[in-house]
Amino acid sequence: MSAAARVLALLAERGETLAVAESLTGGLVAAELTAVPGASRTFRGSVTAYATVLKKDLLGVDGTLLAERGAVDPDVAAQMAAGVRRALGAGWGLATTGVAGPDPQDGAPVGTVFLAVSGPEGQEKVAALRLNGDRAEIRMESVRSVLELLFGELHENARAQDTEQNGGT
């Protein structure tokens, strides 16, 4: 089972939804999710905010943050994930931002990637990657990694809820 199928199955089982904000992946995460039959039960949609101004205008990323640090930044990824979750009315939000190449961007070398998850109860997780390979390889590894990041958060959240419901450790 693909990472996308595992994530969607877990979300469906829990009755939760997902939205995605993409920059360097340019819609590849959404394409991976929508390739799974029945994705519409949990996948609300995506925003491909490739231009920096769209990160601010559509996703609510802080303009000062973008001006000072650029779009390739862990805090930008976190704000993108939270912003798409709010904008599309989803329980969970994912975000990808980074440099796929061929040239560095915002002072960050090719292969610098930040992924983020934002959850319904304030959960936030950001991962920093340093990827090798060509543009296509960096983008595809970013897709795989962000789906795995969400899968890990969903599992961690489920364990915490189970512990809470069963009275402790």
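Is Glu148 buried, partly exposed or exposed, judged by its relative accessibility? At 28% relative accessibility, Glu148 counts as partly exposed, and the points below start from this residue. The model under discussion is a predicted one.

1. Salt bridge between the two helices. Glu148 is paired with Arg6 in a salt bridge whose closest N and O atoms lie 2.9 Å apart. Because Glu148 belongs to helix H6 and Arg6 to helix H1, the pair ties together parts that are 142 residues apart in sequence. Arg6, like its partner, falls in the partly exposed class, with a relative accessible area of 25% for Arg6 and 28% for Glu148.

2. Other salt bridges. The structure holds six salt bridges. One of them is formed within helix H6, where Glu141 and Arg144 sit three residues apart, about one turn of the helix, and where their closest N and O atoms are 2.5 Å apart. Both of these side chains belong to partly exposed residues, Glu141 having a relative accessible area of 26% and Arg144 a relative accessibility of 41%. Arg14 and Glu16 also meet through their side chains in a salt bridge, at 3.0 Å from N to O; here Arg14 is partly exposed at 22%, whereas Glu16 counts as buried at 18%, the cut-off for buried being under 20% relative accessible area. Elsewhere, Arg69, Asp73 and Asp75 are linked in a network of salt bridges.

3. The largest nonpolar core. In soluble globular proteins, nonpolar side chains tend to be buried together. In this model the largest nonpolar core has 33 residues, of which Leu18, Val29, Leu33, Leu94, Leu147 and Leu150 touch the most other members. At least two residues of this core are supplied by each of helix H1 (3-14), strand S1 (18-22), helix H2 (28-34), strand S3 (92-98), strand S4 (112-118), strand S5 (124-130) and helix H6 (135-165). The largest share, eight residues, comes from H6.

4. Leu33 and the second core. When neighbours within four places in sequence are left aside, Leu33 is in contact with Ala4, Leu8, Leu18, Val20, Ala39, Phe43 and Leu147. Apart from the largest core lies another, of 21 residues, which includes Leu59, Ala71, Met80 and Phe114.

5. Ser23 and Gly26, in the loop between S1 and H2. Ser23 is found in this loop and is buried, with a relative accessible area of 6%. Its side chain is joined to that of Lys55 by a polar contact of 3.0 Å. Not counting residues up to four places away in sequence, Ser23 touches Ala49, Tyr50, Lys55, Met80, Thr96 and Thr97. Gly26 is found in the loop between S1 and H2 as well, but Gly26 counts as partly exposed, at 36% relative accessibility. With residues up to four places away again left out, Gly26 touches Thr48 and Arg139; Gly26 and Thr48 are 22 residues apart in sequence, while their C-alpha atoms are 5.8 Å apart in space.

6. Backbone geometry in the loop between S3 and S4. Most residues other than glycine have a negative phi, and most peptide bonds are trans. Against that background, two places in this loop deserve a reader's attention. Pro102, which is found in the loop between S3 and S4, is joined to Gly101 by a cis peptide bond with omega of about 15 degrees. Asp106 is found in the loop between S3 and S4 too, and its phi is near 50 degrees, a positive value in a residue other than glycine. Asp106 is partly exposed, with a relative accessible area of 43%.

7. A nonpolar patch on the surface. Which residues form a nonpolar patch on the surface? Val53, Leu54 and Leu58 do so, and together they have about 240 Å² of accessible area. Leu54 lies in helix H3, which covers residues 52-57, and Leu54 is partly exposed, with a relative accessible area of 31%. This value lies just above the cut-off that patches require, namely over 30% relative accessible area, so the place of Leu54 in the patch rests on 31% against that limit.

Note on methods: Residues numbered from 1 in each chain as written. Predicted model: local features only at pLDDT ≥ 70, side-chain atom pairs only at ≥ 80, totals over all residues. Heavy atoms only, no water. Patch = residues over 30% accessible without salt bridge, like charges linked within 9 Å, V, L, I, M, F, W, Y side chains within 5 Å. Areas by Shrake-Rupley, 256 points an atom, 1.4 Å probe, with all protein chains shown as cover. Salt bridge = Lys/Arg side-chain N within 4 Å of Asp/Glu carboxyl O. Helix = DSSP H or I, 4+ residues; strand = E, 2+ residues; numbered from the N terminus. Buried < 20%, exposed > 50% of the residue type's maximum accessible area, 1.4 Å probe, protein only. Core = buried A, V, L, I, M, F, W, Y, C linked by side-chain atoms within 4.5 Å. Contact = heavy atoms within 4.5 Å. Polar contact = N/O pair within 3.5 Å; in protein donor to acceptor, adjacent residues only side chain to side chain.
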